[in-house]
Amino acid sequence: MRILANTNTLLLFVPLAAVLSAWIGLAWLEPFPDSALQLLTLAPFLIFGLGAAVAAYFKVSNPVLQFALLLFTQIVLARTETMPPIVAVETIGVLQILVPLNFAVLGVLEDRGLLTYDGFVRLFAVAVQGVLAVSAVLIAPGLVDDILALTILPLPLPMTQPALLAAAIGIGVAILAFRRKGTPLEAGTVVATVALLLAFTRPASSAGATFLICVAGAILAIAVLQNGYRLAFLDELTALPGRRALQMELKRISGPCAIAMLDVDFFKKFNDTYGHDVGDQALRLVAKCLRQVGGGGRPFRYGGEEFTVLFPGMSAQEAVPVLEDLRALVESTPFQLRAPDRPKRASAARRRRGSGTRSRNLHLT
């Protein structure tokens, strides 16, 4: 799965590098010219509105709520100049605690649609937090001050320590979700949460804060587009490009090209014998081998147990030795079938050594 690991690394670290570059670049961008300031007043509405529309088009609801949170944050921060100083400080402090946590949690939850029971519950939960936060700032400012003044480490920091703790928890939760699922949406949530944290280190109503919040929204919008592409062109089970991607690739190819069609031998019998879950694991193993094909071959999942490999610029005769190596690789790669009562966790398996239950290796062809 080395290729998948590299792809996931790029999903996370390329936008993260862009965010850090934008944050460092603020030293040269500020003060913004008047034309840029006018654009920044409109940019949040354009970016978040378009991002939410794209998310709704692809039927992913959690990013819609994340865009709403970003817009709400930007509107509140821009209004802090008109608030009494004490209220402004407490409002910013509460935002710094609640927004990163909610942002990350929304990125972790399974997407079940916006106009559904789960969608309304999430929207209601966010709204209730907002009402409680406003009530606390207006009715019990002393309590809010006490919370914001909590000190964990005696260090000079650009934000309150509860806010930094909330941001760390939010980023940690998002990273764990990314490690588990590995989709662009989780990567976008991680990076957008980091951008949001960096925005909170700037003066609340400054152009720099607005700029970084817009960067967070742009990163999330790009993640939504990447996820849409992934759903449309990548096979969910094997993570290989799917049949639609193959059709697009065939339209682009010019000149000679060898096309190999492959399928797993007796796969229906394999599924009937061992079950569909084991069959899915077997297909993933075959896909892992296909990624190692030589000769510049490009593997695709055609459907079911069928796969396709394209060899642009290669004749059929030239492709045969490469395919023979691939066939031998699949046949020589053992597929481990667990015994029915064998524990899934390695630690439990070690404790039960000698119990007589063993896994056995199968070989696919």
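Let's start with charge. The protein carries 32 positive and 25 negative charges, and the mean positions of the two sets sit 7 Å apart. Please keep in mind throughout that this is a predicted model.

How much can we trust it, then? The mean pLDDT of the protein is 82, and 90% of the residues reach at least 70. Right after that good news comes a caveat: residues 1-6 have a pLDDT below 50, and this stretch makes five contacts in the model beyond near neighbours in sequence. Residues 346-357 also stay under 50, with seven contacts beyond four places in sequence. Where pLDDT is low, the predicted coordinates should not be read in detail. So as you turn the model on your screen, please go gently with residues 1-6 and with residues 346-357.

Now to the overall build. What does the secondary structure come to? For this protein, 14 helices and five strands. The C-alpha trace spans about 75 × 60 × 40 Å along its principal axes. The radius of gyration is 26 Å, whereas a compact globule of 365 residues would come out near 21 Å.

On burial, 41% of the 365 residues count as buried. The protein exposes about 20400 Å² in total, and 64% of that area comes from carbon and sulfur atoms. As for contacts, take those with a separation of 6 or more: 70% of them join residues 24 or more positions apart.

Let me walk you through a few residues, and do follow along on the structure. First stop, helix α2, which covers residues 34-57 and includes Y57. Is Y57 buried or exposed? Y57 counts as exposed because its relative accessibility is 64%, and the cut-off for exposed is over 50%. If you want a feel for distance, go from Y57 to P321: they are 264 residues apart along the chain, and their C-alpha atoms are separated by 45 Å.

Next is K59, in the loop between α2 and α3, where α3 covers residues 62-79. K59 is not a glycine, yet its phi is positive, near 60°. With a relative accessible area of 70%, K59 is exposed too.

There is another positive phi to show you, at A239. Here the angle is near 65°, again in a residue other than glycine. A239 lies in the loop that runs between α9 (207-233) and α10 (243-252). Its relative accessible area is 22%, so A239 is partly exposed; buried would need a value under 20%.

Over to helix α5, residues 117-139, where we find V134. V134 counts as partly exposed, at 49% relative accessibility; exposed would take over 50%. Between the C-alpha atoms of V134 and V99 there are 14 Å, and along the chain the two are 35 residues apart.

My last stop is L150, in the loop between α6 (141-148) and α7 (161-181). What does L150 touch, leaving out residues up to four places away in sequence? Its partners are Q161 and P162. From L150 to T160 the C-alpha distance is 8.0 Å, with their positions 10 residues apart in sequence.

That's my tour, and thanks for listening!

Methods. Residues are numbered from 1 along each chain as its sequence is written. This is a predicted model: local features need pLDDT of at least 70, side-chain atom pairs count only at pLDDT 80 or more; totals for chains, interfaces and linings use all residues. Side-chain values use heavy atoms; hydrogens and water are left out. Helices (H or I, at least four residues) and strands (E, at least two) are DSSP runs, numbered from the N terminus. The radius of gyration is taken over C-alpha atoms; the globule rule is 2.2 Å times the number of residues to the power 0.38. Buried means under 20% relative accessible area, exposed over 50%, partly exposed in between (1.4 Å probe, protein chains only). Contact means heavy atoms within 4.5 Å. Accessible areas come from the Shrake-Rupley method with a 1.4 Å probe; for residues, only the protein chains shown count as cover. Lys and Arg count as positive and Asp and Glu as negative; His and the chain ends are not counted. The place of a charge is taken as NZ of Lys, CZ of Arg, CG of Asp or CD of Glu. pLDDT is the predictor's confidence in each residue, from 0 to 100.
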